[in-house]
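Work through these exercises with the sequence and the model side by side. Try each task before you read its solution.

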Amino acid sequence: MSSNDATADRANWGGVLAMTLCVFALIASEFMPVSLLTPLAADLGVSEGLAGYGIAISGAFAVLTSLSISRLAGSINRKTLLLTLTAVMAVSGVVVAMAPSYPMYMMGRALIGVVIGGFWSLSAATAMRLVPAAQVPRALAIFNGGNALATVVAAPLGSYLGGVIGWRGAFLCLLPVAAIALAWQWRCLPSMPAEGRPSHGGVLALLRRRVVMLGMAACGAFFMGQFAVFTYVRPFLEKVTGAGESAVPLVLLAMGASGFVGTLAIGAFIRRGLYRTLVAVPILMAVIAVTLVPLGSHLWPTAALFSVWGLLATAAPVGWWSWLARTFTRNAEAGGGLMVAVVQCSIALGSTLGGLLLDSAGFASTFLAGAGLLLLAALLAHVTAADAASTSGSAVAAEARG
């Protein structure tokens with residue numbers, strides 16, 4: 001197959017690991033402001049709310065980039081494109097760390113958004129060219145392992161470094177990681193010439209396929225439900241559970257650690273049944289969200305439930321990226337761009353909905369709404385599976401035509 005020409009017979013795990021290190025640096029860069037918001041805002045002379053928009057603008061630019069990169073990149077060799085994005089990530093860190101003003105800080109955050117949208121759009125297509133088809137879920141799980149590891153260590157490490165060397169120094173500490181990732185990718189990634197031509201009508205034309213429309217709807221509902229709950233875990237622990245200053249970080253650390261384990265384990269379940277996994281995970285997470293409502297005042301049951309939540313939620317994206325690789329065998333870049341846009345928008349919508357419900361009706365309404373969205377995701381995943389099964393194998397593998 002042309003989409004797997006670099007590794008027709010053997011896997012390029014060096015390239016996979018190089019990409020994983022880049023994922024780690026990227027996710028750490030994306031969420032570093034969360035743990036440094038107060039000193040960052042004070043130094044730039046803006047409110048914490050305005051400083052927090054640095055995360056929003058990166059998400060907005062990620063969406064714009066993901067929807068356009070397969071068309072804008074044209075015939076650029078994908079190795080060159082990935083190396084360029086990694087270099088831009090390093091430049092973003094320098095711009096943010098050296099920013100003399102708020103607009104310059106926001107410019108740096110916009111650059112990291114471009115990298116997020118571009119990198120994740122290319123991730124599934126790159127995995128399909130680095131390893132044989134049967135090992136793509138494993139490669140995607142390793143990619144997501146870098147994501148999970150960054151989620152575990154970025155916030156506490158950023159907070160610690162910010163106290164020792166300042167928030168600007170904390171951002172600069174990511175530069176050596178980005179440099180190593182750049183060198184490693186340059187050394188290990190094969191040449192990956194652009195393949196084919198983008199679909200007429202752009203990325204959104206892919207939604208003309210029923211299985212794509214249903215799958216993206218299921219994916220969107222999943223991330224909306226997840227982040228309607230996850231965004232407000234810390235205030236839930238503080239106000240409902242009554243967890244102290246020492247307990248809250250431990251629960252969050254347990255969630256991150258279990259998520260890392262989940263990314264390593266989910267591949268086995270995907271191999272046994274991709275759609276069964278995509279249906280089962282949101283159902284289990286919905287049960288956890290509902291159970292937290294009556295048990296939230298008890299620390300140990302709450303900590304255990306959130307740990308299982310972390311295991312499932314962090315591993316679930318591997319399932320959806322594996323679905324993408326299976327569905328878009330010849331147009332994975334465009335499919336990846338569409339999925340990144342769906343995920344980013346769903347995260348924003350889910351966290352906004354959760355916040356509105358929290359302010360108006362309390363934590364119970366937020367968690368129950370999240371559970372409802374997760375059950376909707378499971379239902380849509382089931383319908384997607386039925387639609388895929390009713391379609392001939394050649395049609396399922398075919399790409400959208402404009």
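Helices are DSSP runs of H or I with at least four residues, numbered from the N terminus. Alanine 371, for one, sits in helix α13. Keep in mind that the model is predicted.

**Exercise 1. Place alanine 371 and decide: is alanine 371 buried or exposed?**

Step 1. Find the helix. Alanine 371 belongs to α13, which covers residues 363-390.

Step 2. Recall the cut-off. Buried means under 20% relative accessible area.

Step 3. Apply the cut-off. Alanine 371 has a relative accessible area of 3%, so alanine 371 is buried.

Step 4. Compare sequence and space. Alanine 371 and arginine 138 are 233 residues apart in sequence. From C-alpha to C-alpha, they are 28 Å apart.

**Exercise 2. Find the salt bridges and say which parts of the chain each one links.**

Step 1. Start with the idea. Side chains of opposite charge can pair when their charged atoms come close.

Step 2. Count. The whole structure has three salt bridges.

Step 3. Take aspartate 43 and arginine 168. Their closest N and O atoms are 3.0 Å apart. Aspartate 43 is in helix α1 (residues 13-44) and arginine 168 is in helix α5, so this pair links distant parts of the chain, 125 residues apart.

Step 4. Check how open this pair is. Aspartate 43 has a relative accessible area of 43% and is partly exposed. Arginine 168, at 24%, also counts as partly exposed.

Step 5. Take arginine 78 and glutamate 333. Here the closest N and O atoms are 2.7 Å apart. Arginine 78 lies in helix α3 and glutamate 333 in helix α12 (residues 332-361), so the bridge ties together parts that are 255 residues apart in sequence. Both arginine 78 and glutamate 333 are buried.

Step 6. Take aspartate 387 and arginine 210. Their closest N and O atoms are 2.7 Å apart. The bridge joins helix α13 to helix α7 (residues 210-230), and the two residues are 177 residues apart. Aspartate 387 is buried at 12% relative accessibility. Arginine 210 is partly exposed at 47%.

**Exercise 3. Describe the largest cavity: what is its volume, and which residues line it?**

Step 1. Picture the search. Rolling a probe the size of a water molecule over the atoms shows where empty space is left.

Step 2. Count the cavities. There are three of 30 Å³ or more.

Step 3. Read off the volume. The largest cavity has about 90 Å³.

Step 4. List the lining. Its residues are Ser29, Met89, Ala90, Ser92, Gly93, Val96, Arg109, Ile112, Phe171, Leu174, Leu175 and Ala178.

Step 5. Sort the lining by type. Eight of these residues are nonpolar, three are polar and one is charged.

Step 6. Sort the lining by helix. α3 (78-97), α4 (102-130) and α6 (174-188) each supply at least two residues. The largest share, five residues, comes from α3.

**Exercise 4. Find the nonpolar surface patch that includes Val164, and test valine 164: is valine 164 buried or exposed?**

Step 1. Name the members. Leu157, Tyr160, Val164 and Ile165 form the patch.

Step 2. Give its area. Together the four have about 420 Å² of accessible area.

Step 3. Place valine 164. The residue lies in helix α5 (residues 136-172).

Step 4. Apply the cut-off. Exposed means over 50% relative accessible area. Valine 164 reaches 54%, so valine 164 counts as exposed.

**Exercise 5. Set distance along the chain beside distance in space for three pairs.**

Step 1. Take cysteine 188, in helix α6. The C-alpha atoms of cysteine 188 and glycine 14 are separated by 5.8 Å, yet the residues are 174 residues apart along the chain. Cysteine 188 counts as partly exposed, at 22% relative accessibility.

Step 2. Take glycine 52, in helix α2 (residues 48-72). Glycine 52 and asparagine 77 are 25 residues apart in sequence, but their C-alpha atoms are 35 Å apart in space. Glycine 52 is partly exposed, at 23%.

Step 3. Take arginine 10, in the segment before α1. Arginine 10 and methionine 192 are 182 residues apart along the chain, with 16 Å between their C-alpha atoms. Arginine 10 has a relative accessible area of 64%, so arginine 10 is exposed.

Methods
Residues are numbered from 1 along each chain as its sequence is written. This is a predicted model: local features need pLDDT of at least 70, side-chain atom pairs count only at pLDDT 80 or more; totals for chains, interfaces and linings use all residues. Side-chain values use heavy atoms; hydrogens and water are left out. Patches are made of residues with over 30% relative accessible area and no salt bridge: like charges are joined within 9 Å, nonpolar side chains (Val, Leu, Ile, Met, Phe, Trp, Tyr) within 5 Å. Accessible areas come from the Shrake-Rupley method with a 1.4 Å probe; for residues, only the protein chains shown count as cover. A salt bridge is a side-chain nitrogen of Lys or Arg within 4 Å of a carboxyl oxygen of Asp or Glu. Buried means under 20% relative accessible area, exposed over 50%, partly exposed in between (1.4 Å probe, protein chains only). On a 1 Å grid over the protein atoms alone, a cavity is a set of points where a 1.4 Å probe fits but cannot get out, and a pocket is an open set with protein on both sides within 12 Å along at least five of seven lines; lining residues have an atom within 4 Å of a point. Grid points are joined across faces, edges and corners, and a volume is the space filled by probe spheres set on the points. Ala, Val, Leu, Ile, Met, Phe, Trp, Tyr, Cys and Pro count as nonpolar, Asp, Glu, Lys and Arg as charged, and the others, Gly among them, as polar.
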